[in-house]
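Visitor: I have a chain on the screen and a list of terms I do not trust yet. Please go through them with me.

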Amino acid sequence: MSAPDAAETAIASALFDLTSGLASGSRRSVADEAVAPESLQRALNGGTEAHIGAHYADVSTRDRALPSGARVLDLGCGYGRVALDLAGRLSDDQEYFGLDPHAEAIGWARENIGKGRPNFQFDLIDVLSRPYNPDGEVDGARFRFPFEDDSLDRVFMISVLTHVDLATVRNYLEESARVLKPDTGRLVATIFLLDREVDRLIADGRSEYQLAWQVGESRVENRDNPELVIAHPLDRVLDILHDAGFPDFRVRRGHWSGRPVANVVDFQDMLVADFGTVTAAALDADEQAEALEHGALAADLVEHGVPAEHLAPYLVWALCAMINALRWESQGVEILLPSAGPGERRTLALERARGIDFSACIPATAPAGAFVPVDEASILRAVREADPRLARPALVALLGDIVHNAIALDTAARAGSVIRRLADGTERPAPIPLFAAGESLSVGAARGRFASMLSGLRRR
Ligand SMILES: C[S@@+](CC[C@H](N)C(=O)[O-])C[C@H]1O[C@@H](n2cnc3c(N)ncnc32)[C@H](O)[C@@H]1O
């Protein structure tokens, strides 16, 4: 593991310790030690976002800690992306069960996560899935979860309902309702949901998927391999959740369809369904506030022309650009952008960011005046060190400042009109590289790291 990765993991764990409402216990982070082979990551998750497991684990415990003795099912667990995170959170008396029809994925998870952890169990299920288990004998629409009624505290189905037909969605939601405990049960599932807004976004060319092929009430991306990407009608899914007996459920939309979203980490849509006493009012108010903050930021970025799937790496680029600008400022160099009137210019508005010492993000040996890439782990560390108790709204406001400055900077840089005024008054074009997804930032890595960063912020 490289040094920045180690630093990031340490910071992420510190954030968990500070803020997680989970049962305390031995907190070994296997994510450091166990990384699934790239071929497996690619086959199951398009090779992206190993850290996203933390996000879903976080959602599963929001306003509702896992009780001691908790039992968690991860249906369609793959190689254990969520388990890798939960291994650092569950105490020895809490149990995890991962089920999946992909033999290689289960084999890897058993060997690398289950070994030495008797409370982590991975089992192969023989459910038919053309992409993942083409010889499977059991139809998902008839698969009975191998658990007693009312016996589980959580069910995860992450990126699973996106690969099954509507009959299987119905069965899996009903089975989840059957096995979840009536007092503490929560389902966290991701899905692609169709509604009129999605149709409009597809027509406007904003969506990641076209979903042009109708299969029953659902739509698929690839006619020859329908289970690769399946989207289901929102209304039908809500009816199914209701009929299954969930007293409370929420839908959080992801950005796959090009929709500005509550949280840039959420690519797929998400269902969170609860049994028991639900603090829905508090949660909803909180989520709505967050939706407004993140949604407004995301909307501004999409409006600026950033493709929805590049929101997270763009934010990392924005942070990197601002940290460089602040460093130049400390060297007596100003960045000037065109302003409202002809010939008028203005400096960047970075008051909040100036309150944070980002100097450790750039090696002291970096040549003065050069643009230096900054890794996200060191950004996160600088923000944390600025004030460990920094409240979430302050962090989101900081992010807002950075995003809006970056949009102005990007617009001016594309027009070639960003100027650097040196200490002696001479002016030169500023050497700020434009945002280019996949080049210096590595989109997958940036998104994964930004996911950890945001889920860290989300815990306050
Ligand atoms: C995109 S992967 C996601 C894996 C894991 N949940 C994660 O988030 O990393 C989809 C997983 O669903 C599994 N799967 C596909 N069809 C399934 C079905 N009908 N029932 C249960 N699992 C299924 C696949 O084998 C695969 O591991």
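Visitor: How do the residues of the shell around the ligand divide into nonpolar, polar and charged?

Guide: The shell has nine nonpolar, seven polar and two charged residues. The classes are fixed by residue name: Ala, Val, Leu, Ile, Met, Phe, Trp, Tyr, Cys and Pro count as nonpolar, Asp, Glu, Lys and Arg as charged, and the others, Gly among them, as polar. Note that this is a predicted model, where local features need pLDDT of at least 70, side-chain atom pairs count only at pLDDT 80 or more, and totals for chains, interfaces and linings use all residues. Residues are numbered from 1 along each chain as its sequence is written, and side-chain values use heavy atoms, with hydrogens and water left out.

Visitor: Which residues come nearest among those around the ligand?

Guide: Leu 44, Gly 76, Asp 100, Ile 158 and Tyr 172 come nearest, out of 18 residues around the ligand. A residue is near a molecule if one of its heavy atoms lies within 4 Å of it.

Visitor: What makes the pair formed by Asp 100 and the ligand a polar contact?

Guide: A polar contact is a pair of N or O atoms within 3.5 Å; within protein, one must be able to donate a hydrogen and the other to accept it, and residues adjacent in sequence count only if both atoms are side-chain atoms. A polar side-chain atom of Asp 100 is 2.6 Å from an oxygen atom of the ligand, so the pair meets the distance limit. Tyr 172 places a polar side-chain atom 2.7 Å from a ligand nitrogen atom. For Gly 76 a polar backbone atom is involved, 2.6 Å from a nitrogen atom of the ligand. The protein buries 99% of the 590 Å² that the ligand exposes when taken alone. Such areas come from the Shrake-Rupley method with a 1.4 Å probe; for residues, only the protein chains shown count as cover.

Visitor: Why is Glu 351 called exposed?

Guide: Its relative accessible area is 55%. Buried means under 20%, exposed over 50%, and partly exposed in between (1.4 Å probe, protein chains only). The 55% of Glu 351 is over the limit, so the residue is exposed. Glu 351 belongs to helix 12 (residues 351-354), and its side chain makes a polar contact of 3.1 Å with the side chain of Arg 354.

Visitor: Why is Val 215 called partly exposed?

Guide: Val 215 has a relative accessible area of 46%. That value falls between the two limits, so the residue is partly exposed. Val 215 lies in strand 7 (residues 213-215).

Visitor: How many helices and strands are there in the chain, and what makes a run count as one?

Guide: There are 15 helices and 15 strands. Helices (H or I, at least four residues) and strands (E, at least two) are DSSP runs, numbered from the N terminus.

Visitor: What makes strand 11 largely enclosed?

Guide: Six of the six residues of strand 11 (residues 269-274) are buried, so the rest of the structure largely encloses it. Asp 269, Leu 271 and Ala 273 are buried on one side, and Met 270, Val 272 and Asp 274 on the other.

Visitor: How do you know that strand 5 and strand 11 pair?

Guide: Two strands pair if DSSP finds at least two bridges between them. Strand 5 (residues 186-191) and strand 11 have six bridges and run antiparallel, so the requirement is met. Ala 189 has Leu 271 of strand 11 as its bridge partner. Strand 10 (residues 248-252) is also joined to strand 11, by five bridges in the antiparallel sense, with Arg 250 opposite Val 272. Strand 4 (residues 154-157) runs parallel to strand 5, with four bridges between them.

Visitor: Why is one side of strand 6 and of strand 7 left without a neighbour in the sheet?

Guide: Four strands form an open sheet in the order 6-9-8-7, with mixed pairing. Strand 6 (193-194) and strand 7 stand at the edges with a single partner strand each, so one side of each has no neighbour in the sheet.

Visitor: What makes helix 4 mostly covered?

Guide: In helix 4 (residues 52-61), 10 of the 10 residues are buried. Among them are His 55, Tyr 56 and Asp 58.
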